[in-house]
Amino acid sequence: MAGTRRIRRVEIARFPQVHGGFNGRRRLVAATGRTQVINVFQPSLGERELAAVRAVFESCWIGKGSRVAAFEAAFAAHIGAAPEQVMSTNSCTEATFLAMQLLGIGPGDEVVLPTVSFVGTANAIAAHGARPVFCDVDPRTLNPGVEHVAAALTPATKAVLVLHYGGYPGQVAQIAELCRSRGIKLIEDAANAQASTVDGQACGTFGDIGVWSFDHGKIAVAVDGGMLFARNAELVEHGRKLAYFGLEQTSGYDQSMRAHTRWWDFEVSSFSRRSVLNDVLAAIGHVQLDRLAEFVARRREIVDAYDKALEAVPGVLVPPALPPGHDSSCYLYWVQLDPNLRDGVARRLHERGIYTTFRYPQLHKVRAYGAGDLSLPGAGHAGAATLCLPLHQALTDDEVDFVSTSLIEVLPG
Ligand SMILES: *Cc1c(COP(=O)(O)O)cnc(C)c1O
């Protein structure tokens, strides 16, 4: 696409790891003539991020400070929220745990979530004594439809927790409507959806709380970090206390003078932990947020190239087209194959130095969540047929071509 600046591949160093060390690299060269493995996910970090980190080091303030505040404000603007509706955390998982506390989810409550979900979200529900209730997903988009969510609701349902699979918004607007009409809270795990929108509205802002991740595997990274949006700004105010030991006072000389206290005195309103971000990671995340649109534009080109190369190949289904008004962050690109062939294809691609994966294995099959023998056929089919191909902004056109050509070549018959 004209005008899209190419993102330099591994800007700091070009040493993707080849499993098996020297011999692994020799085998890869012998098999493919290539020395680089192709990662499923890969961050693009460069001189801008290093300069931002250097400035933090030179400021001698590496903890939570002005850079965290600036990153939060920039993220609030990015999702079209007010600054008071957004707080950062040290991970998205931690933000999800906070969301449970802020919404008062606990024993006796049920939280409905798609079985194709991230392990940390089900853990957040179970850790607060609530019951995760797994619903089915559409076999092609891997997102729950409003009918899947509706089928899992009971009088004990306190909240619904959805993710936007691979960045596809899914039926989040309709699910939000359903939740509102039933007086049920909606939490969005928008970790895949840093730049996804429906009719211009950011995913993560349709419900009561949205959470995002900036961990090492996401599109824009802070190395580690999370963001939390709450429609009700009072929840964020409470969340900020929960994220810092439940301290009632914010530190600071000026405030303590106003309150006629010493600035080292404190009260706690809850026995809470420490979930805050710091200025080093925020500085990285802020630069990456600035670059997010450029990353997504390049990922969209790659998605188009995969679609073009694969959509007419017998035995390969490419992701369904996005509905009008929906925009995806292009976090995952997935193909669907004959379930009897999927694992073998993944292994043969790996032999060529191409990593693939499946996100996210069905949680209702994890015994610890106690879901018993549920039958969720859409998720079952998707879990057996789906393979996520490499998708990151540093992939070259040549590598994208190598991936799709290889997929076609390793497919039997
Ligand atoms: C990455 C991810 C998370 C967790 O994010 P962390 O910041 O690593 O805690 C949660 N949900 C989904 C869908 C993710 O992809």
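**Exercise 1.** Determine which residues surround the ligand in this predicted model, and how the shell divides by class.

*Solution.* Step 1: Collect the residues with a heavy atom within 4 Å of the ligand. These are Ser 91, Cys 92, Thr 93, Phe 118, Asp 189, Ala 191, Asn 192, Ser 213, Asp 215, Lys 218, Gly 225 and Tyr 360. The model in which they are found is a predicted one.

Step 2: Sort the shell by class. Four of its residues are nonpolar, five are polar and three are charged.

**Exercise 2.** Identify polar contacts that Cys 92, Thr 93 and Tyr 360 make with the ligand, and state what share of the ligand's area the protein buries.

*Solution.* Step 1: Apply the cut-off, under which a pair of N or O atoms within 3.5 Å counts as a polar contact.

Step 2: Examine each residue in turn. Cys 92 contributes a backbone N or O atom, placed 2.9 Å from a ligand oxygen. In Thr 93, a polar atom of the side chain lies 2.6 Å from an oxygen atom of the ligand. The side chain of Tyr 360 has an N or O atom at 2.9 Å from a ligand oxygen.

Step 3: Consider the area. The ligand taken alone exposes 380 Å², of which the protein buries 93%.

Step 4: Locate the site among the pockets. The ligand takes up the space of the second largest pocket.

**Exercise 3.** Describe the backbone at Tyr 360 and at Asp 199.

*Solution.* Step 1: Recall the general pattern. Most peptide bonds are trans, and most residues other than glycine have a negative phi.

Step 2: Inspect Tyr 360. The peptide bond between Arg 359 and Tyr 360 is cis, with omega about -5°. Tyr 360 belongs to the loop between helix 11 (339-351) and helix 12 (377-385).

Step 3: Inspect Asp 199. This residue is not glycine, and its phi is positive, near 45°. The loop between strand 6 (197-198) and strand 7 (201-202) contains Asp 199.

**Exercise 4.** Explain why the protein chain is described as being as compact as a globular protein of its length.

*Solution.* Step 1: Count the elements. The protein chain has 13 helices and 12 strands.

Step 2: Compare the radii. The radius of gyration is 22 Å, close to the 22 Å given by the globule rule for 413 residues, so the protein chain is as compact as a globular protein of that length.

Terms used:
Residues are numbered from 1 along each chain as its sequence is written. This is a predicted model: local features need pLDDT of at least 70, side-chain atom pairs count only at pLDDT 80 or more; totals for chains, interfaces and linings use all residues. Side-chain values use heavy atoms; hydrogens and water are left out. A polar contact is a pair of N or O atoms within 3.5 Å; within protein, one must be able to donate a hydrogen and the other to accept it, and residues adjacent in sequence count only if both atoms are side-chain atoms. Accessible areas come from the Shrake-Rupley method with a 1.4 Å probe; for residues, only the protein chains shown count as cover. On a 1 Å grid over the protein atoms alone, a cavity is a set of points where a 1.4 Å probe fits but cannot get out, and a pocket is an open set with protein on both sides within 12 Å along at least five of seven lines; lining residues have an atom within 4 Å of a point. A molecule sits in a cavity or pocket if more than half of its atoms lie within 2 Å of its grid points. Ala, Val, Leu, Ile, Met, Phe, Trp, Tyr, Cys and Pro count as nonpolar, Asp, Glu, Lys and Arg as charged, and the others, Gly among them, as polar. Helices (H or I, at least four residues) and strands (E, at least two) are DSSP runs, numbered from the N terminus. The radius of gyration is taken over C-alpha atoms; the globule rule is 2.2 Å times the number of residues to the power 0.38.
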